[in-house]
Every structure is written in structure tokens, then in C-alpha cells.
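Student: I've got a model open and want to talk through its sheet. Can we go strand by strand?

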Amino acid sequence: MPEIPQWASEALSGVYDPCCREKGISVVEMGLIRSVEVDGGRARVELLLTSGWCPFAARVLTEVRDRIAEQPGVTEAEVEVVWDEVWTTDRLSPRAARMLRFLPAPAQVPDKAAYIGRELR
């Protein structure tokens, strides 16, 4: 995973996916920011979505663009959704992972029938 410049991480630490706003988990902690590059004042941000059908994608893109555009030395900012990489829970910060407490992957869950059989014995 590419390093996000500290200034960009700080700028985006107040931008939230609306689904995680109430928990105070930023797009940075969610691992939604893939990269931030600046060339000649023009910033380009690559953003992952947790889901391709996220109803809040436009809002998040706009907030990310606006926060980056406000930074010193940035004259223009663009945000592009990356489709060639899938967001996974591995991208979560340790704090975000603790707060969200995702269930284990289905392959990690014991066979339900075998589990029920053990419980009945």
C-alpha cells in the first residue's frame, strides 16, 4: 500500500464516509485513500470505495477533493475512484478494525451443521 503524505492524511482525517461518521472513522482510517500525488500544484487522489454501489460516493469524492484543494501549494485537485483494486478490511487502521468488529470470513466459520450437532450433545 503506497504511503499517503502526512499533510494529505492530516487534511483528510476529518472526512468521513457517512456510514462511519458516527463512529468517528475517517476515510484515512477506513483505508479508502490509495494514493495522493502533487505535480506542479495539481493534486491527484486515488480513492477506493467499500462497495461499487455506495450511495455516498459522490459526497465523499467531493469532500476529499475540497480538502485537498485547500492545502498550501495545491492549485487544483482531482479525485478518481480506483476500480482495479478491491477494498478489503485489511486496509482498515487498527483503531477502525477494533471499532467496526467485522465478523470472520465465511471460510473461518465452522460448519453450521457440525456446530449445531455439538451443541445438542
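Student: Which residue in the turn of the β1-β2 hairpin has a positive phi?

Tutor: Bear in mind that this is a predicted model. β1 and β2 form a hairpin with 2 residues between them. The turn residue with a positive phi, about 60°, is G40.

Student: In what sense do β1 and β2 pair, parallel or antiparallel?

Tutor: Follow the bridges: there are 6 of them between β1 and β2. One to look at is E37, whose bridge partner in β2 is R44. The sense of the pairing is antiparallel.

Student: And β2 with β3, is that parallel or antiparallel?

Tutor: Strand β2 covers residues 42-47 and shares 6 bridges with β3. R42 stands opposite E76 in β3, while L47 has V81 as its bridge partner there. That pairing is parallel.

Student: Which strands are at the edges of the sheet?

Tutor: The sheet is open, with 3 strands in the order β1-β2-β3 and mixed pairing. An edge strand here pairs on one side only. The twist from one strand to the next averages 15°. The edges are β1 (33-39) and β3 (76-81).

Student: What angle does helix α3 make with β3?

Tutor: Helix α3, residues 57-69, packs on the sheet and touches β1, β2 and β3. Comparing its direction with that of β3 gives about 150°.

Student: What handedness does the β-α-β unit have?

Tutor: Trace the unit through its parts: β2, α3 and β3. The two strands in it pair in the parallel sense. The unit is right-handed.

Methods
Residues numbered from 1 in each chain as written. Predicted model: local features only at pLDDT ≥ 70, side-chain atom pairs only at ≥ 80, totals over all residues. Heavy atoms only, no water. Pairing = 2+ DSSP bridges. Helix = DSSP H or I, 4+ residues; strand = E, 2+ residues; numbered from the N terminus. Axes fitted to C-alpha atoms, helices over the stretch in contact; angles between N-to-C directions. Contact = heavy atoms within 4.5 Å. Right-handed = clockwise from strand over helix to strand, strands pointing away.
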